[in-house]
Amino acid sequence: MPFIASVLGYDVFDPAEVIPEFTADVGLKRGEKIDYAIAKDGVVQILIECKRIGDPLNPKHASQLFRYFGVVDSARIAILTNGQEYHVFTDSDAPNRMDEKPFLVLDLLDVDKTLIPEMQKLSKESFDVVSVIDAAEGLKYVGQIRRILSAQVKEPNDDWVRFFTTRVYEGKATQKIVDQFRVLVSKAVSQYINDQVNDRLKAALGEDARPFAAANIESPVVAQVPADNGASASTNLDEIVVDSDIVTTDEELEAFNIVRAIVCSEVAPDRVVYRDSKSYCAILLDDNNRKPIARLHFNSKSTKFVMTFAEGKDGVRRDIEAPHHLYAHADELRQAVRNYA
C-alpha cells in the first residue's frame, strides 16, 4: 500500500481507485480474488498480486496472475510483488495475453535508476499505458541481457569463457583450457570495468586523478602460447597468470568507490587507493600499509564485514550486508584519515 500510494500516487483509501480483493471469475472458478486492482477513470488498468516479503517470485505465482490477466480485458499491466521486488508484465507478445517474462524488474533494496522513468509512466499523475507498452519489448530484452551479464561477471560459465577463449587462443579449447581461462576472463572483465570507472572519475575529478585500479591491480604475466593442440599448449598456459586467485570483485570496487567518496571531504581522492589480497581488500591512504582506512572482508559468501581504523591500528569489526551500508560508518572512515593527517 505505501508503494501504491507514495510511489504510484493512487489513493489507497478510495475503493473506486484502489480496489482490494478485486473479484475476477476465471473459467468455472467463481470469486477468484486479485489482491489489488487499480482503476483510472473507472476502468481497471493495473492488477497486482502480492506475496509475503522474502518469498521468491517464481513462475507459479506468475501463472496465477496470468489467469487473472486473461479475464480482466481492460488491464494491460500486471504486477507481481513480494514487497521488495516488483515484476511488471504487459501483453507485448500477444494482445490480452500476459507475457511470460516481466519487462521491468524493480528491487527496492537495489534500485536501478534507469527504470524509474518507466515506473513513473504507471503513476496516477502521468499514466501512459501506450508509452509503457511501446517500450516494454525493448526493456524486457535489455533487462534480461543485463541480468545475464551480471551473472556471467560474477561466475562465468563454460559457454561465456569459451566465447572469449576461442577468439584469443590458437589451440583447441579443451575443458582444461577453458577452466584455466576462466580466471583470465574474470580478470579482463574486472579490469575493463575499472577502466570505465576511471574514465568517470577523471571526468568528475579532473584529468590529474590517479587511476585507482591500474595502479593497484597486478597485471597478469602473459606468455606466448604455441598454436598446436598438444600438451605444450596447456603446459605453457599455466604460466599466464601470477596470483590468479586474487580477483577484485564488483562489490569490492563499489565499496572502494564509496569509501573514497566518503573521505574525499578530508583528503584528495587520488590519495585513496586499494590493494587486494586473498584475505581481504585493503583501502589505504597514500598507498601506505601503515595508513589503513578500511579492510573489506567480502570473500565469504555467508558473512561480509569491514574493519575500520578510527580507533587504532588493530581495527574494529563492522558487519555489513552490502557495500552501501558503509555510509553508516562514514564518521569512522573520516576519523581514520584525520588521524593520519
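**View 1. The hairpin of β8 and β9 in this predicted model**. Strands β8 and β9 form a hairpin, and 6 residues lie between them. One residue of that turn, Asp286, has a positive phi of about 60 degrees. Asp287 sits in the loop between β8 (281-285) and β9 (292-297) as well. Its phi is near 55 degrees, again a positive value in a residue other than glycine. With a relative accessible area of 23%, Asp287 counts as partly exposed. The two strands run antiparallel and are joined by 4 bridges. To find your way along the ladder, look for Cys281, whose bridge partner in β9 is Leu296.

**View 2. Strand β8 with its other partner, β7**. Here β7 (residues 272-276) runs antiparallel to β8, and 5 bridges join the two. A hairpin of 4 residues leads from β7 to β8. A handy pair to pick out is Val273, which stands opposite Leu284 in β8. How many of the residues of β8 are buried? The count is 5 of the 5, so β8 is largely enclosed by the rest of the structure. Side chains in a regular strand alternate between the two faces of the sheet. In β8 both faces are covered: Cys281, Ile283 and Leu285 are buried on one side, and Ala282 and Leu284 are buried on the other.

**View 3. The open sheet of 6 strands**. Follow the strands in the order β1-β2-β3-β4-β5-β6, and you will find that the pairing is mixed. At the edges stand β1 (18-23) and β6 (104-107); each has a single partner strand, so one side of each is left without a neighbour in the sheet. From one strand to the next, the twist averages 25 degrees. Strands β5 and β6 pair in the antiparallel sense over 4 bridges, and Val88 stands opposite Leu104 in β6. Over in strand β1 we meet Glu21. Glu21 has a positive phi of about 55 degrees although it is not a glycine. It is partly exposed, with a relative accessible area of 44%.

**View 4. The largest nonpolar core**. This core has 26 residues. Which residues have the most contacts inside it? They are Ile4, Tyr10, Ile46, Ile77, Val88, Met119 and Leu122. At least two residues each come from α1, β2 (33-40), β3 (43-50), β4 (77-81), β5, β6 and α4 (129-154). Helix α4 supplies the largest share, 5 residues. Val88, already met opposite Leu104, is one of the residues with the most contacts in this core.

**View 5. A stacked ring pair, Phe3 and Tyr86**. The count of aromatic pairs in the model comes to 5. In this one, the ring centres of Phe3 and Tyr86 lie 3.9 Å apart and the planes are at 20 degrees, so the pair is stacked. The pair links distant parts of the chain, with Phe3 in helix α1 (residues 2-7) and Tyr86 in strand β5 (residues 85-89), 83 residues apart. Are these rings buried or exposed? Phe3 counts as buried at 9% relative accessibility, and Tyr86 is buried with a relative accessible area of 9%.

**View 6. Trp160 and Phe164 in an edge-to-face pair**. The centres of these two rings are 5.2 Å apart and their planes stand at 75 degrees, so the pair is edge-to-face. Both residues lie in helix α5 (residues 158-168), 4 residues apart, about one turn of the helix. An α-helix has 3.6 residues a turn, so residues three or four places apart point the same way. Phe164 is partly exposed, with a relative accessible area of 32%. Ring pairs link Trp160, Phe163 and Phe164 into a cluster.

**View 7. Charged ends over rings: Arg167 and Arg317**. The charged end of Arg167 sits over the ring of Phe163, 3.9 Å from its centre. Phe163 also belongs to the ring cluster with Trp160 and Phe164. Elsewhere, look for Arg317, whose charged end sits over the ring of Phe305, 3.8 Å from its centre.

**View 8. Helix α8 and its buried residues**. Helix α8 (residues 250-263) has 14 residues. From its first C-alpha to its last it reaches 20 Å, close to the 20 Å expected at 1.5 Å a residue. The buried residues of α8 are Glu252, Leu253, Ala255, Phe256, Ile258, Val259, Arg260, Ile262 and Val263.

Methods:
Residues numbered from 1 in each chain as written. Predicted model: local features only at pLDDT ≥ 70, side-chain atom pairs only at ≥ 80, totals over all residues. Heavy atoms only, no water. Expected span 1.5 Å × (residues − 1). Buried < 20%, exposed > 50% of the residue type's maximum accessible area, 1.4 Å probe, protein only. Phe/Tyr/Trp six-rings, centres within 6.5 Å; stacked < 30°, edge-to-face > 60°. Lys NZ or Arg CZ within 6 Å of the ring centre and 35° of its normal. Pairing = 2+ DSSP bridges. Axes fitted to C-alpha atoms, helices over the stretch in contact; angles between N-to-C directions. Core = buried A, V, L, I, M, F, W, Y, C linked by side-chain atoms within 4.5 Å.
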